[in-house]
Amino acid sequence: MTNKLKIGIVCYPTYGGSGVVATELGIALADKGHEVHFISYDQPFRLDLFSDKIYYHEVTVPDYPLFEYAPYELNLTSKLVDVALHEELNILHVHYAIPHASAAVNAKQILATHGIDIPIVTTLHGTDITLLGKDKSFKPVIEYAINMSDAVTAVSEDLKKETLDYFNIKNEIKTIPNFIDMNLYQQKVDDKLRNRFAKKEEFILTHISNFRKVKRVEDVVKVFNKVQKQVPAKLLMIGDGPERLKAEQLCRKLGICDKVKFLGKLKVIENMLAISDVFILPSETESFGLVALEAMASKVAVISTNNGGLPEVNVDGKTGYLSQVGDVSKMAEDTLSLFKDKEQLNAFKINALAHAYTFDLPNILPQYEAVYQALSCKMKS
Ligand code: GMT
């Protein structure tokens, strides 16, 4: 029997895996009777439900002419202190090292002056370590924030290893893989929706991301270009971001605009994934690749790179195929091998769905709860 806790969750509200994981975690914890307080600068984009166990506290940054750079981290710290004091939080769970973990560590020290000892759980998501962490101007702060947290989790074994290799970490890091709520995914193809994008004989290749450099969206187009020369196919590009224009320009240059649909940001992706045959994620690196897991939960095979935590999600030769970063020829050959052999494609889809179940919410949520309970017991003793 676990104690019901008051948990503060800090996350980025925008489109991105860490915000999705934090939001789904908070919703699941509230379903189990915990009281959850989200603290962010905007309403997390998947938090659109009402529950008496879920609260949202917005961090506002006043416009003050003296500041050339608004000090968001300080406003967040003050908000954390305020919410922790007045809502009597038992735990603060922060997603992403910068600035969330460092703000939480500061808030913890301020709260200590009020006689309150609040445990901080920091979850590392990836780019906070693999991109920002390797920027020397952030390194001391990230290292400090990790070492001063009461518990640290990483979303894959690979991210844990990267963190330990690169930083001087004294804390134990526990791997708790990302999860999905399998109830939310549909594996049934909506034929009407499918017909809007592709003819019956055409295969659908899908990519979803925030179109940042790390996602290598031009590789998606290059792979598709090779594929569509041999089999009838359509490419769905979902999401938006700084590299979108380059991908669009490449489509124009290759003369394949009629076969590629840029759909922009979509709030609901489950139905789009369900009509896809193969999902492609050619990222430079992914600590986990939550979106690949979402595709697998929708019974879609995955073509991805082999960097970071991706091999922990996409099993080479079973749920999809892995390639070296930039090897668009192999990614195209692998996609074609699936499109040319429907039986094989179907077997991969079935394997993908089966593997996705290992990351189902009921398997992962107790791991976070165990971390919270251990800390709250420690605080009481
Ligand atoms: O990948 C992004 O651009 C977003 C980023 C984030 O912080 O939301 O995603 C990271 O965290 C996700 C959730 O844990 C992981 O599934 C993604 O693999 C990871 N992204 C990278 O490592 C590039």
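The sulfur of Cys257 sits 5.5 Å from the closest cysteine sulfur, which belongs to Cys251, and that is too far for a bond. A disulfide would need the two sulfur atoms within 2.5 Å. This is a predicted model, and it holds zero disulfides. Cys251 is accordingly in no disulfide, with the sulfur of Cys257 as its nearest cysteine sulfur. The surroundings of the two cysteines are worth a look as well: Cys251 is buried, with a relative accessible area of 1%, whereas Cys257 counts as partly exposed at 38%.

Let's move to the charged side chains. A search of the whole structure finds 16 salt bridges. One of them pairs Lys32 with Glu369, and the closest N and O atoms are 2.7 Å apart. Lys32 belongs to the loop between α1 and β2, while Glu369 is part of helix α15 (residues 361-380), so this pair ties together parts that are 337 residues apart in sequence. On the lysine side, Lys32 is partly exposed, with a relative accessible area of 39%. On the other side, Glu369 is buried, at 6%.

Another salt bridge joins the side chains of Glu284 and Arg216, at 3.3 Å from N to O. Here both partners come from loops: Glu284 from the one between β11 and α11, Arg216 from the one between β8 (203-208) and α8 (217-230), so the bridge ties together parts that are 68 residues apart in sequence. Glu284 counts as partly exposed at 37% relative accessibility, and Arg216 is partly exposed too, with a relative accessible area of 26%.

Stay in this region for a moment and look at Ser283. Ser283 lies in the loop between β11 (278-281) and α11 (290-297). Is this serine buried or exposed? Ser283 is buried, with a relative accessible area of 0%. Leaving aside residues up to four places away in sequence, Ser283 touches Val214, Lys215, Arg216, Thr305 and Val325. Arg216 thus appears twice, as a contact of Ser283 and as the salt-bridge partner of Glu284.

A further salt bridge links the side chains of Lys246 and Glu243, again at 3.3 Å from N to O. Lys246 counts as partly exposed at 35% relative accessibility, but Glu243 counts as buried at 11%. There is also a network, in which salt bridges with shared partners join Asp240, Arg244, Glu248 and Arg252. For anyone tracing side-chain directions along a helix, an α-helix has 3.6 residues a turn, so residues three or four places apart point the same way.

Now for the helices themselves, beginning with α1. Helix α1 (residues 17-31) has 15 residues and reaches 21 Å from its first C-alpha to its last, close to the 21 Å expected at 1.5 Å a residue. Of those 15 residues, 13 are buried, so α1 is largely enclosed by the rest of the structure. After α1 comes Gly33, whose phi is positive, near 100 degrees.

Helix α2 (residues 72-86) makes a good companion. With 15 residues at 1.5 Å a residue, α2 should span 21 Å, and its end C-alpha atoms are indeed 21 Å apart. Its buried residues include Tyr72, Leu76, Leu80 and Val83. What do the buried residues of α2 pack against? They pack against β1 (6-10), β2 (35-40), β3 (54-58), β4 (91-95) and α3 (97-112).

The backbone beyond α2 has some features to check by eye. Glu88 has a positive phi of about 55 degrees although it is not a glycine. Glu88 is found in the loop between α2 and β4, and counts as exposed at 55% relative accessibility. Tyr96 is another non-glycine residue with a positive phi, of about 95 degrees. Tyr96 sits in the loop between β4 and α3, and at 10% relative accessibility counts as buried. Then comes a cis peptide bond that joins Ile98 and Pro99, with omega at about -5 degrees. Pro99 lies in helix α3.

Finally, turn to the surface. Tyr64, Leu66 and Phe67 form a nonpolar patch there, with about 350 Å² of accessible area together. Within this patch, Leu66 lies in the loop between β3 and α2. Leu66 is exposed, with a relative accessible area of 66%.

Note on methods
Residues are numbered from 1 along each chain as its sequence is written. This is a predicted model: local features need pLDDT of at least 70, side-chain atom pairs count only at pLDDT 80 or more; totals for chains, interfaces and linings use all residues. Side-chain values use heavy atoms; hydrogens and water are left out. Helices (H or I, at least four residues) and strands (E, at least two) are DSSP runs, numbered from the N terminus. The expected span of a helix is 1.5 Å times one less than its number of residues. Buried means under 20% relative accessible area, exposed over 50%, partly exposed in between (1.4 Å probe, protein chains only). Contact means heavy atoms within 4.5 Å. Patches are made of residues with over 30% relative accessible area and no salt bridge: like charges are joined within 9 Å, nonpolar side chains (Val, Leu, Ile, Met, Phe, Trp, Tyr) within 5 Å. Accessible areas come from the Shrake-Rupley method with a 1.4 Å probe; for residues, only the protein chains shown count as cover. A salt bridge is a side-chain nitrogen of Lys or Arg within 4 Å of a carboxyl oxygen of Asp or Glu.
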